[in-house]
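Please look over the structure below. A short report on it follows.

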Amino acid sequence: MAKKVLEQHDRYAEWTIYASALGAVLKLGSLFLLRENKIFEILVFLVLGFAAYSVSEAGHYGSQLVYIEGVGPQGEYLESEGHGH
């Protein structure tokens, strides 16, 4: 069960990174290229909202790993190659 939870945690962590990077690029574009474009600002808001959602889900699964599954915060007690953070 811990490996399944770790996979979910890693998936949401990756989505957080990608959505945050995309949101930052879009916001920079809106600051310098498309000033006061409401539709573009809504797009930035939605992307950054998804980043916030995915970081909360990654945190949820991370805490489930530690407190419910008994995996240490550095991946201790998890028999998996290369997944220790």
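## Phe50 and the nonpolar patch

Phe50 counts as partly exposed because its relative accessibility is 36%, and partly exposed covers the range between under 20% (buried) and over 50% (exposed). The model is predicted. Phe50 sits in helix α2.

Phe50 is one of the residues of a nonpolar patch on the surface. Its partners there are Trp15, Ile17, Tyr18 and Tyr53. Together these residues have about 560 Å² of accessible area. Two elements, α1 (2–32) and α2 (38–68), each give two or more residues to the patch. The largest share comes from α1, with three residues.

## Tyr18, on the α1 side of the patch

Tyr18 belongs to helix α1 and is also part of the nonpolar patch. Is Tyr18 buried or exposed? Tyr18 counts as exposed, since its relative accessibility is 56% and the cut-off for exposed is over 50%.

In sequence, Tyr18 and Ala51 are 33 residues apart. In space, their C-alpha atoms are separated by 8.2 Å.

## How the two helices pack

Two packed helices are described by the angle between their axes and the distance between the axes. Here the axes of α1 and α2 come within 7 Å. They cross at roughly 155 degrees. That angle makes α1 roughly antiparallel to α2, because angles over 145 degrees count as roughly antiparallel. The crossing of α1 and α2 is left-handed.

## Contacts along the pair

Several C-alpha distances pair residues that are well separated in sequence. Take Leu22, in helix α1. Leu22 and Val47 lie 25 residues apart along the chain, yet 7.4 Å apart in space, C-alpha to C-alpha. Leu22 is partly exposed, with a relative accessible area of 43%.

Next comes Gly59, in helix α2. Its C-alpha atom is separated by 8.6 Å from that of Ala13. The sequence gap for Gly59 and Ala13 is 46 residues. Gly59 has a relative accessible area of 42% and is therefore partly exposed.

## Glu57, a buried acid

Glu57 is found in helix α2. Why does Glu57 count as buried? Its relative accessible area is 18%, and buried means under 20%.

The C-alpha atom of Glu57 is separated by 9.4 Å from that of Thr16. Along the chain, Glu57 and Thr16 are 41 residues apart.

## The salt bridge

How many salt bridges does the structure hold? The structure holds one. The side chains of Glu41 and Lys27 meet in it, at 3.0 Å from N to O. This pair links distant parts of the chain. Glu41 is in helix α2 and Lys27 is in helix α1, 14 residues apart.

Are the two partners buried or exposed? Glu41 is partly exposed, at 27% relative accessibility. Lys27 is partly exposed too, at 30% relative accessibility. Both values fall between the cut-offs of 20% and 50%.

## Summary

Helices α1 and α2 run roughly antiparallel, with a left-handed crossing. A salt bridge joins Glu41 to Lys27. Both helices give two or more residues to the nonpolar patch, which includes the partly exposed Phe50 and the exposed Tyr18. Glu57, in contrast, is buried.

Definitions and conventions. Residues are numbered from 1 along each chain as its sequence is written. This is a predicted model: local features need pLDDT of at least 70, side-chain atom pairs count only at pLDDT 80 or more; totals for chains, interfaces and linings use all residues. Side-chain values use heavy atoms; hydrogens and water are left out. Patches are made of residues with over 30% relative accessible area and no salt bridge: like charges are joined within 9 Å, nonpolar side chains (Val, Leu, Ile, Met, Phe, Trp, Tyr) within 5 Å. Accessible areas come from the Shrake-Rupley method with a 1.4 Å probe; for residues, only the protein chains shown count as cover. A salt bridge is a side-chain nitrogen of Lys or Arg within 4 Å of a carboxyl oxygen of Asp or Glu. Helices (H or I, at least four residues) and strands (E, at least two) are DSSP runs, numbered from the N terminus. Buried means under 20% relative accessible area, exposed over 50%, partly exposed in between (1.4 Å probe, protein chains only). Axes are lines fitted to C-alpha atoms, for helices over the stretch in contact, and angles run from 0 to 180 degrees between N-to-C directions. Angles under 35 degrees count as roughly parallel, over 145 as roughly antiparallel, 65 to 115 as roughly perpendicular and the rest as oblique. A crossing is left-handed if the near helix is turned anticlockwise from the far one by less than a right angle, and right-handed if clockwise.
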